[in-house]
Amino acid sequence: CDNAYFHADNLKEHFKTHSGEKSHKCNQCDFVSSYAGVLRTHLKTHSGEKSNKCNQCDFASSQAGNLRTHLKTHSGEKSNKCNQCEFASTDQSSLSRHLKTHSGEKSHKCNQCNFASYQAGDLWSHLKTHSGEKSNKCNQCDYASSRTSNLKTHLKTHRGEKSNKCNQCDYASFRAGDLRTHLKTHTGEKSNECNQCDYASSDTSNLRRHLKMHRRKSKTNATN
């Protein structure tokens with residue numbers, strides 16, 4: 001390849017990336033690498049050492065690359081851009097996850113139901129719905145949720161913060177999902193359709209109430 005090095009030892013290590021040889025092994029887990037430097041960085045995850053510190057906040061990381069990515073959150077730089085839409089991110093991993101929304105790839109699958117997600121974090125949160133674990137707890141009331149995002153939304157109700165605002169009227173909401181539903185009242189879109197009649201609604205909750213009507217009718221007909 002086109003790589004060149006000043007030191008022979010560095011070139012020897014680079015050759016291992018072509019041969020697939022990973023001779024630098026962690027003595028605490030299964031991690032292996034072609035590079036001694038990468039192994040040294042990895043070992044910090046076991047020791048808890050975070051020597052790469054932000055000079056603008058308390059962020060610290062065992063990896064220099066993570067610090068570089070973090071610094072972009074202060075500068076506002078979003079150099080990782082999607083080639084299919086206007087999405088841009090400070091880090092490559094967020095862009096990689098975003099690209100799956102275009103490809104439709106949902107590689108993180110639940111082993112207990114049909115749930116599948118673009119992101120591993122969403123799968124972890126989903127699995128808690130099976131176990132009943134609600135580890136994200138409000139420090140101001142008894143609310144608890146299996147999802148961090150739900151807790152963040154809930155905390156806004158304590159602050160009175162309605163950051164999801166309609167650009168066509170004065171409507172504002174704690175939750176982005178409520179805003180998306182509200183926007184359909186402007187467009188006239190009714191994507192929540194009943195599979196038993198012609199009823200359709202812009203609001204999922206309205207459809208759920210409507211379906212209960214069908215279930216009640218079915219029970220009444222069954223008893224008659």
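**Exercise 1. Classify Arg 159 by relative accessibility and identify its salt-bridge partner.**

Step 1. Arg 159 has 52% relative accessibility and therefore counts as exposed; the classes are buried under 20% relative accessible area, exposed over 50% and partly exposed in between, with a 1.4 Å probe and protein chains only.

Step 2. The model is predicted: local features need pLDDT of at least 70, side-chain atom pairs count only at pLDDT 80 or more, and totals for chains, interfaces and linings use all residues. Side-chain values use heavy atoms, with hydrogens and water left out, and residues are numbered from 1 along each chain as its sequence is written.

Step 3. The partner of Arg 159 is Glu 161, with 2.9 Å between the closest N and O atoms. The criterion for a salt bridge is a side-chain nitrogen of Lys or Arg within 4 Å of a carboxyl oxygen of Asp or Glu.

Step 4. Glu 161, at 30%, is partly exposed.

**Exercise 2. Find how many salt bridges the structure holds, and describe the ones formed by Arg 147 and Arg 175.**

Step 1. The total is 3 salt bridges.

Step 2. Arg 147 pairs with Asp 122 at 3.6 Å, N to O. Asp 122 sits in helix α5 (residues 120–131) and Arg 147 in the loop between β10 (144–145) and α6 (148–159), so the pair ties together parts 25 residues apart in sequence. Helices (H or I, at least four residues) and strands (E, at least two) are DSSP runs, numbered from the N terminus.

Step 3. Asp 122 is partly exposed at 25%, and Arg 147 is partly exposed at 26%.

Step 4. Arg 175 pairs with Asp 178, the closest N and O atoms being 3.1 Å apart. Arg 175 is partly exposed at 46%, and Asp 178 is partly exposed at 28%.

**Exercise 3. Characterise the lining of the largest pocket.**

Step 1. The largest pocket holds about 250 Å³ of space. A pocket is an open set of points on a 1 Å grid over the protein atoms alone, where a 1.4 Å probe fits, with protein on both sides within 12 Å along at least five of seven lines; lining residues have an atom within 4 Å of a point.

Step 2. The pocket has 14 lining residues, and those closest to its centre are Gly 177, Asp 178, Thr 181, Asp 203 and Thr 204.

Step 3. Helix α7 gives the largest share, 7 residues.

**Exercise 4. State the volume and lining of the second largest pocket.**

Step 1. Its volume is about 160 Å³.

Step 2. Tyr 143, Ser 149, Asn 150, Thr 153, His 154, Thr 157 and Arg 175 line the second largest pocket.

Terms used
Points joined across faces, edges and corners; volume = space filled by probe spheres on them. Nonpolar A, V, L, I, M, F, W, Y, C, P; charged D, E, K, R; others polar.
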